[in-house]
Amino acid sequence: MMFNKIRWSLFRISSYAIVIINILTFGIFLYVIAPYVSYFFLNDWKFWKHLSYFHKFYFSSLSYVKSIVLKDSLFIMYHLPLSSPPMDSPDIQLFRVSKDWEYPDNSCGTCFNCCSMLADCCFLDTSQNKCVCYGSLFWRYFNCGRFPATGKQLKYYKCPKFEVIEQA
Ligand code: SF4
Ligand code: SF4
């Protein structure tokens, strides 16, 4: 368990470092490590198919950093301990799909609040309301797969799909 915690922490630290280096190099760094970037975000080593996302991610990450610095979002978003495990669903002890949710459990219907309220995510395909990096390392290790991680996040994004399980 301790080994996993160290592994997950190192993975997150190196991912944050990549984002920072990319910002400092005006978006060039992602092209230098293109195959890994393609796999990390899009589950596909064939980076040449996804190059259009590289510069989009640069601008998206700038907006994201600006939002967490300038808005009141820092506290809300950063409930992500470095050593927490990757997740592909919220904690089922804490959240459940609302009984009023009218779409399939694996769909977000027409909502994309958590993909657009803080900053527009470059991986949201708005024509189909679909996440193009669903299930990727990025998606599982950071805020997407585990959303909502807290009741505050749920409220902030006005998520219509999940609800808090009241603890007895
Ligand atoms: S779920 Fe996909 S589209 Fe939404 S914020 Fe995460 S990566 Fe972006
Ligand atoms: S806020 Fe909830 S329903 Fe809307 S996209 Fe996010 S998880 Fe899906």
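Start with helix α3: the residues that cover its buried positions include ones from α2 (29-32), α4 (51-70) and α7 (137-141). Keep in mind as you look that this is a predicted model.

**Helix α3 and the core**

So which residues of α3 (residues 34-42) are buried? They are Val-37, Ser-38, Phe-41 and Leu-42. Look down the axis of α3 and these buried residues fall within an arc of 100 degrees, so they line one face of the helix. That fits the usual geometry: an α-helix has 3.6 residues a turn, so residues three or four places apart point the same way.

Phe-41 turns up again in the largest nonpolar core, which holds 25 residues. Together with Cys-133, Phe-41 touches the most other members of that core. The helices α2, α3, α4, α6 (113-116) and α7 each supply at least two of the core's residues. As a general matter, nonpolar side chains in soluble globular proteins tend to be buried together.

What does Cys-133 contact, once you leave aside its neighbours within four places in sequence? The answer is Phe-41, Leu-42, Phe-123, Phe-138 and Trp-139. Two of those names, Phe-41 and Leu-42, are buried residues of α3.

**Around the two ligands**

Cys-133 is also one of the residues around ligand 1. Its companions there are Cys-115, Cys-121, Phe-123, Leu-124, Cys-131, Trp-139 and Cys-144. The shell around ligand 1 divides into 8 nonpolar residues, with no polar and no charged ones.

Ligand 2 has Cys-108, Cys-111, Phe-112, Asn-113, Cys-114, Cys-115, Phe-147, Tyr-157, Cys-159, Pro-160 and Lys-161 around it. Here the shell splits into 9 nonpolar, 1 polar and 1 charged. If you are following cysteines, Cys-115 is listed around ligand 1 and around ligand 2.

Phe-147, from the ligand 2 list, has a backbone feature to check as well. The peptide bond running from Phe-147 to Pro-148 is cis, with omega near -10 degrees. You'll find Pro-148 in the loop between α7 and α8 (151-156).

**The first helix**

Helix α1 covers residues 2-24, which makes 23 residues. From its first C-alpha to its last it reaches 33 Å, close to the 33 Å expected at 1.5 Å a residue. Phe-3 is found in this helix. Is Phe-3 buried or exposed? Phe-3 counts as exposed, because it has 7 C-beta neighbours inside 10 Å, and 12 or fewer is the cut-off for that label. For a sense of scale, Phe-3 and Asn-22 are 19 residues apart along the chain, and their C-alpha atoms are separated by 28 Å.

**Positive phi after a helix**

Two residues take a positive phi although neither is a glycine: Phe-26 and Asn-43. Phe-26 comes just after α1, and Asn-43 just after α3. Here they are together:

| Residue | Phi | Loop |
|---|---|---|
| Phe-26 | about 55 degrees | between α1 and α2 |
| Asn-43 | about 60 degrees | between α3 and α4 |

How exposed are they? Phe-26 is exposed, with 9 other C-beta atoms within 10 Å. Asn-43 has 15 C-beta neighbours inside 10 Å and counts as partly exposed.

Conventions:
Residues are numbered from 1 along each chain as its sequence is written. Chains are lettered from A and ligands numbered from 1 in the order in which they are written. This is a predicted model: local features need pLDDT of at least 70, side-chain atom pairs count only at pLDDT 80 or more; totals for chains, interfaces and linings use all residues. Helices (H or I, at least four residues) and strands (E, at least two) are DSSP runs, numbered from the N terminus. The expected span of a helix is 1.5 Å times one less than its number of residues. A residue is near a molecule or strand if its C-beta atom, placed from the backbone, lies within 6 Å of it. Ala, Val, Leu, Ile, Met, Phe, Trp, Tyr, Cys and Pro count as nonpolar, Asp, Glu, Lys and Arg as charged, and the others, Gly among them, as polar. A residue is buried if 20 or more other C-beta atoms lie within 10 Å of its own, exposed if 12 or fewer, and partly exposed in between; C-beta atoms are placed from the backbone. The arc is that of the directions from the helix axis to the C-beta atoms. Two residues are in contact if their C-beta atoms, placed from the backbone, lie within 7 Å. A nonpolar core is a set of buried Ala, Val, Leu, Ile, Met, Phe, Trp, Tyr and Cys residues joined through C-beta atoms within 7 Å.
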